[in-house]
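Please keep the sequence and the coordinates side by side while reading, since the account moves back and forth between them.

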Amino acid sequence: MKEDKKTRNKINTEKRKLIIKLAVISLCIIVILVLLILLLKPNREVDLEDGTKTQEAIQENREEKITDYVRTRGEKERMQVYLSEFLKHIEKGEYKEAYSRLYTKFKRNYFPTLETFTEYAKKYYSSFMSVTHEDIQRQGKYYILTVKIKDLAITQYEIEQMYVIYEKGLNDYYISFQVKY
Amino acid sequence: MYTNIRIKLRNFIKEHKWKVILGIIAWAVLFVINQFLANAKIEVPITTYDPYKPIIENGQTTPNKWQEKIENMIDEYINLCNEKEYEKAYNMINEDCRKEVYPSLEDFQAYVDYVFATDKVYSIQNYSNRDNIYIYRVRIFDDILATGLTNDTSFKYFEDRMSFKETNGKLTMSVKEFIDKDNFDKVYEDKYIRIAITEKRINYDYEKYTIRFTNKTEHYAAISDGAMSGNIKIETENGEINQTAEGYEQPIILPPRGSITLSIQFTKLFDLGVKTTGMKFNNVRILRSYSGDESLKEQELQEAVELYSFTIPL
C-alpha cells in the first residue's frame, strides 16, 4: 500500500514537472514567433490584376523615402522638406494626408473636421504653387518658417504666410499655419 | 577515439536533455529580443538646440545632476501659472526674490494674469553659470502650434532670466533677473556724517545698495549732486562704475541733523564675475548754508566747513 502511494506520488510529481517544462517551452516559442512577426516588415504591396500598387502602399513608400532623405539633413532643410510635403499633399488634393499633419489643438481651433480643412485648402491654395523661403527661426523646439506662396496655376496671387513646425522625430511632426480669412 | 567522443556526447545530452533544450530556447529568445530592440531604436534628429550649453561660456556648465531638476522646476512653474495656481507658483520663488520683486501675492497675481492671459508654452536656454548660480533664459509665448500665429504679424514673447542657486545641496529659484541679496553691515563714520550700507541686491545687470545717511552736524551735508554727477561710484577689479539714474537720482543733501535711507543703483553685469571692492564718495561737502540755487553754489562752496572724499570697503 505504502509503496503504491509512493509510486503514485512520484508519478504525479513527474507529471507536474513535465507540464511546467512544456508550458515554459510553449511560452518561449510564442514569444519568439510574436517578435519574429513584428520584426518582419509586412509587405503591403499588393499586386492587383492590372499590376498597380494600393494608394496606401505608395504613400508608405514615399514616407520611408522622405525619412531616409531627412535622416542626414540639418534642421533647416528638414523643416523645408516637411513644409514642402505638406503643401504637395494640398496641391495633389490629398487633403486627408495634409490634415493628419496638423496639430490637434490647431485643428480644434480652426478646422474641427476634414471637410472644413478641405474647403479652406481649396479656397486658399492652388494645384500649382511656388514657395519662397523668406525666414526660418527656432524657438526652443518650435520652428517658425516665413514663406511666400505664389499661385502659378491661375491668379499669380502671392501671399506671405508663417508656418509653425514641431518635430517629434524623423519625418514625424506637427504643423500649423497662419489662417487667412 | 571518435566513437568515444560520440558516446560521451550522447550520454551528456541524455543526462542533461532538458537543460540543453531550455538553454537553446533562452538563447533564441534573447537573440530575437536583441534584434527587435536594435530595429526599434528611436532616431533622434540632428538639431542645434542645446538648452544646457550656456550662451555665455566661462568654463562652467550646469552640473548634470541639476539639468533635469531645473527643467522640471521651470516646467512646474509655468504650468502653475497657466493654471492660475497663484499661491503654489508664488511659493516656488525664493523668499528674498519674492520680497524684492513681488512683495505681495496680489502683485504676483497681477503679473500672472497679464502674462498668462492665454495659455503659454516656453523655451529655455542656459544663459550663464557662475559661483553655483545657474541662469536660464526663459521665453514664454502663446502656444504657437495651436494658433499657427494666426492674427500675428510676428512672433512675440515674454522673456525672463531665471536663476537657480545651489545651497547645501538644494536649488532655489529666482525670477525677474533677481540673483541674490546680501545683508551688510558696512559703516563709515567721521565727525560730520555716518553712512551705513545695510543691504546689497544683485540683479542680472545691476547692483543696488540700501544706504542710510546721517548728518551729525548743524550744517548741511551735500553727499551728491544727483545720479548723473558721478559723485558716488563703486570700485571694482576692472575700474569704477558710476551711479545710475535708476534707483534714486536726486541730489543727496542732508539738512542739519537730518537722516535719509535710499537705494542707489549701479549698472554691473553679473556674468562678468567682477568683484565690487568699495563704494566711493568723491565730493562730500559740509556747508554752512545751502540754497539749491546754482548761482550761489560757488559762494556756498567757498564758505564750506569741509570738502573731502572717501571710500568704504565692501
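The paragraphs below take up confidence, the contact between the chains, the domains of chain B, the nonpolar cores and one helix.

This is a predicted model, and the predictor assigns the complex an ipTM of 0.72 together with a pTM of 0.76. Within chain B the pLDDT averages 90, and 97% of the residues score at least 70. A general caution applies here: where pLDDT is low, the predicted coordinates should not be read in detail.

Turning to the place where the two chains meet, 29 residues of chain B are in contact with 34 residues of chain A. On the chain B side, the elements that contribute two or more residues are helix H2 (17–40), strand S1 (120–130), strand S2 (133–142) and helix H7 (144–147); H2(B) gives the most, with 9 residues. Sorted by class, this side of chain B, the one that touches chain A, has 18 nonpolar, 8 polar and 3 charged residues.

Chain B itself is divided into domain 1, spanning 64–176, and domain 2, spanning 180–313, and the C-alpha centres of these two domains of chain B lie 35 Å apart. Their contact takes 7 residues from domain 1 of chain B and 7 residues from domain 2 of chain B. On the domain 1 side, helix H5 (95–101), S1 and strand S3 (158–167) of chain B each supply at least two of the residues that touch domain 2. By class, that side of domain 1 of chain B has 1 nonpolar, 1 polar and 5 charged residues.

Which residues touch the most other members of the largest nonpolar core? In this core of 45 residues, they are Leu83(A), Leu145(A), Tyr163(A), Val164(A), Ile165(A), Ile175(A) and Leu145(B), a list in which residues of chain A appear beside one of chain B. Taking Leu145(A) as an example, and leaving aside its neighbours within four places in sequence, one finds it in contact with Met79(A), Leu83(A), His133(A), Ile136(A), Met162(A), Tyr163(A) and Ile165(A). Apart from the largest core lies another, of 21 residues, among them Phe213(B), Met279(B), Phe281(B) and Tyr290(B).

The last element to consider is helix H1 of chain B, residues 2–15, whose 14 residues reach 20 Å from the first C-alpha to the last, close to the 20 Å expected at 1.5 Å a residue. H1(B) is hardly covered, for the count of buried residues among its 14 residues is 0.

Key. Residues are numbered from 1 along each chain as its sequence is written. Chains are lettered from A and ligands numbered from 1 in the order in which they are written. This is a predicted model: local features need pLDDT of at least 70, side-chain atom pairs count only at pLDDT 80 or more; totals for chains, interfaces and linings use all residues. Helices (H or I, at least four residues) and strands (E, at least two) are DSSP runs, numbered from the N terminus. Ala, Val, Leu, Ile, Met, Phe, Trp, Tyr, Cys and Pro count as nonpolar, Asp, Glu, Lys and Arg as charged, and the others, Gly among them, as polar. Domain bounds come from an automatic or database domain assignment. pLDDT is the predictor's confidence in each residue, from 0 to 100. A nonpolar core is a set of buried Ala, Val, Leu, Ile, Met, Phe, Trp, Tyr and Cys residues joined through C-beta atoms within 7 Å. A residue is buried if 20 or more other C-beta atoms lie within 10 Å of its own, exposed if 12 or fewer, and partly exposed in between; C-beta atoms are placed from the backbone. The expected span of a helix is 1.5 Å times one less than its number of residues.
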